[in-house]
Amino acid sequence: MTAAMWMARTEARLLVREMFDEDLVITSGRRPATPGGSSLHQIGQAMDIRSREWPSSDQRLFAEELQNRLGEDFDVIVEGPASLDPRYQQRVAHIHVEHDPKGRHADG
């Protein structure tokens, strides 16, 4: 995990504790590329946070607050049924966080 992602993990851990009084669960970190995937997991610049137990509105609120804390060099994306973006609604519920200074997902 890169230094930027270590900082993001720390912020996410604090926010999970504040909002849900739970421990942070990271379901995926550095891993091989998946076919057709465009995330930064394969270079240690992304992580997935378990969110399936949280109501949809809380998943979106968590992602919004984490995005605010991390700033524009990160993408925080709600994936799964709680996503407002149809591209991500069919995926397993989680919060995807990646350090992406170029902002590849900023328009989407």
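Which residue in β4 is the bridge partner of alanine 46? In this predicted model, the partner of alanine 46 is glutamate 98. Residues are numbered from 1 along each chain as its sequence is written. Because the model is predicted, local features need pLDDT of at least 70 and side-chain atom pairs count only at pLDDT 80 or more, while totals for chains, interfaces and linings use all residues; side-chain values use heavy atoms, with hydrogens and water left out.

The strands make a convenient starting point. Helices (H or I, at least four residues) and strands (E, at least two) are DSSP runs, numbered from the N terminus. Strand β2 covers residues 46-50, and 4 of its 5 residues are buried, so the strand is largely enclosed by the rest of the structure. Here, buried means under 20% relative accessible area, exposed means over 50%, and partly exposed lies in between (1.4 Å probe, protein chains only). Two strands pair if DSSP finds at least two bridges between them. Strand β2 is joined to β4 by 5 bridges, and the two run antiparallel. Strand β2 also pairs with β1 in the antiparallel sense, over 2 bridges. Isoleucine 26 stands opposite isoleucine 49 of β2.

Isoleucine 26 appears again at the surface, where Met1, Trp6 and Ile26 form a nonpolar patch with about 320 Å² of accessible area together. Patches are made of residues with over 30% relative accessible area and no salt bridge, like charges being joined within 9 Å and nonpolar side chains (Val, Leu, Ile, Met, Phe, Trp, Tyr) within 5 Å. Accessible areas come from the Shrake-Rupley method with a 1.4 Å probe, and for residues only the protein chains shown count as cover. Tryptophan 6 of this patch belongs to helix α1, residues 3-20.

Charged pairs come next. Side chains of opposite charge can pair when their charged atoms come close. A search of the whole structure finds 8 salt bridges, each defined as a side-chain nitrogen of Lys or Arg within 4 Å of a carboxyl oxygen of Asp or Glu. One of them links arginine 69 to glutamate 11, with the closest N and O atoms 3.9 Å apart. Arginine 69 lies in helix α2 (residues 56-70) and glutamate 11 in helix α1, so this pair ties together parts that are 58 residues apart in sequence. Both side chains belong to partly exposed residues, with relative accessible areas of 29% for arginine 69 and 22% for glutamate 11.

Arginine 69 also forms a salt bridge with glutamate 65, at 3.0 Å between the closest N and O atoms. These two residues are 4 residues apart in helix α2, and are therefore separated by about one helical turn. Through shared partners, salt bridges join Glu11, Glu18, Glu65 and Arg69 into one network.

Two loop residues complete the picture. Aspartate 21 lies in the loop between α1 and β1 (26-28), and its phi is near 50°, a positive value in a residue other than glycine. Aspartate 21 is exposed, at 59% relative accessible area, and forms a salt bridge with arginine 17, the closest N and O atoms being 3.3 Å apart. Leucine 84 lies in the loop between β3 (74-79) and β4 (94-99) and counts as exposed at 70% relative accessibility. Leaving aside residues up to four places away in sequence, leucine 84 touches Arg60 and Gln89, contact meaning heavy atoms within 4.5 Å.
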